[in-house]
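Got the viewer open? Keep the selection box handy, and we'll hop from one stop to the next.

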Amino acid sequence: MAQSMQDDSSRTITVGTAVATPGQTVRGIIPVATLAGGNAVEIPVVVINGAKPGPVLWVNGAIHGDEPEGPLCCQNLLREVSPNSLAGTLVLVPVVNVAAFEAASRGNPLDTFSHDMNRIYPGRPNGYLSERVAYAHYEIMTKVADLEISIHSGGAHSFLAPAMFTDERPESVELGTAMGPGWGCMMSNVSPKGSPMAAMAEAGKVGITVEYGGRSATSPELFAKVGRVLADAILNVLKHYKMIPGEAAYDQNRTKGQQEALLAQASGLFLAEPGIQFLTPMKKGDRIATIVNFFGDELAQLRAPADGMIFGLRALPNVTTGDWCCFFNKVEGPRV
């Protein structure tokens, strides 16, 4: 793993307008463009530059604007990580896609040609607006960061249990393992494309994508819990890489698998099987959910496509043919 291990006199970290010397926490923005009314398009950032040298861990939130769990996690970390006890640097980007977040939408609703920012990295400096935002973010992230974690969730339609994607390089699996207890659902994305994780891999650096939360966990108590769990996992990562004091803990039941997204075969009301459990072994053919019409007549069933486990399930009962319904981990075996 490459590390930013300069001597103290040269360890100033610059991310957009945020310029942090060792022992400082500084807020700033990555500038992108200006809209017709004069409003700036910019990405908010926080740089927590440790008093001691070490790697740079970069955390991204709200690449999808309907996924507010990342911003909440970053707020927890901003309160709890002191630069005086930090070795290295923690960069927090609570909201990458500000326009999408303001609209509570997966992507910027005014940018139909590059609506999903997690599919267009590294972006283009002269492309559509979302591509320009992605490029501004990518350009600095890949120069500054050694390690990167992007936080996602089920957004406006689904709930996702703690899960992650690695690119299967040992250093990517190590970063995933460092998330700690409860994060054993590790899926392979051997050739990632279009995401910050992919951009980091292409730059010869390390990234993972983590998932937790979504529609059915947005009540105040559950939303706070998700933000707490995510922040605790990032703190465990910091401990693993000796960036903060303390002993890291690890999940003892890590698995290797592949994702399959199960889509609706009919339109109507989506009803999960009573008692169905996330991250619990299932056999191929086990029933996951039923889709019924307005009168309750069965139209379609969702069944496990292989031995494995569900890590995401539709929480919005209204469903249209082709919608996301279930995120399934086809488990290949324990991760060694």
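Is K242 buried or exposed? Select K242 and check: at 58% relative accessibility, K242 counts as exposed, where buried means under 20% relative accessible area, exposed over 50% and partly exposed in between, using a 1.4 Å probe and protein chains only. K242 sits in the loop between α6 and β11. Helices here are DSSP runs of H or I with at least four residues, strands are runs of E with at least two, and both are numbered from the N terminus. Look at the backbone too: K242 is not a glycine, yet its phi is positive, at about 60 degrees.

Before moving on, a word on ground rules. This is a predicted model, so local features need pLDDT of at least 70 and side-chain atom pairs count only at pLDDT 80 or more, while totals for chains, interfaces and linings use all residues. Residues are numbered from 1 along each chain as its sequence is written, and side-chain values use heavy atoms, with hydrogens and water left out.

**Another positive phi**

Now jump to L279, in the loop between β12 and β13. Its phi is near 55 degrees, again a positive value in a residue other than glycine. L279 counts as partly exposed, because its relative accessibility is 29%.

**The sheet around β12**

Stay here and select the two strands flanking that loop. β12 (residues 268-272) and β13 (residues 287-292) run antiparallel and are joined by 4 bridges; strands count as paired if DSSP finds at least two bridges between them. Click F270 and you'll find I291 of β13 standing opposite. Zoom out to see an open sheet of 4 strands in the order β14-β13-β12-β16, with antiparallel pairing. Its edge strands are β14 and β16 (318-319), each of which pairs on one side only.

From β14 (298-303), follow the chain into the loop that leads to β15 (308-314), and you'll meet P305. P305 is partly exposed, because its relative accessible area is 24%. Setting aside neighbours within four places in sequence, P305 is in contact (heavy atoms within 4.5 Å) with E260, L262, K284 and F328. For a sense of scale, draw a distance from P305 to K143: the C-alpha atoms are separated by 41 Å, with the two positions 162 residues apart along the chain.

**Strand β7 and its neighbours**

Next, select β7, residues 147-152. How many of its residues are buried? The count is 6 of 6, so the strand is mostly covered. In a regular strand the side chains alternate between the two faces of the sheet. Colour the two sets in β7: L147, I149 and I151 point one way, E148, S150 and H152 the other, and all are buried.

Now bring in the partners. β5 (residues 52-60) pairs with β7 in the parallel sense over 4 bridges, and V59 has I149 as its bridge partner. β10 (residues 206-214) also pairs with β7 in the parallel sense, over 6 bridges; there, E148 stands opposite G207. While β5 is on screen, pick out P55, which lies in that strand and counts as buried at 4% relative accessibility.

**Helices**

Select α4, residues 170-177. Its buried residues are S172, V173, L175, G176 and T177, and they pack against β7, β8 (158-166), β9 (185-188), β10 and α6.

Then show α1 (residues 69-80) with α6 (residues 220-240). Their axes come within 8 Å and cross at roughly 55 degrees. At that angle α1 and α6 are oblique to each other, the class left over once angles under 35 degrees count as roughly parallel, over 145 as roughly antiparallel and 65 to 115 as roughly perpendicular. Axes are lines fitted to C-alpha atoms over the stretch in contact, with angles running from 0 to 180 degrees between N-to-C directions. Among the residues that meet here are L72 and L77 in α1, and F223 and I234 in α6.

**Last stop: the loop between α2 and α3**

Finish with N108, in the loop between α2 (98-102) and α3 (129-144). N108 counts as buried, because its relative accessibility is 7%. Its side chain reaches the backbone nitrogen of L110 at 3.0 Å. Beyond neighbours within four places in sequence, its contacts include N97, H115 and S130. P122 is in that loop as well, and the peptide bond leading to P122 from Y121 is cis, with omega near 15 degrees.

Note on methods. Polar contact = N/O pair within 3.5 Å; in protein donor to acceptor, adjacent residues only side chain to side chain.
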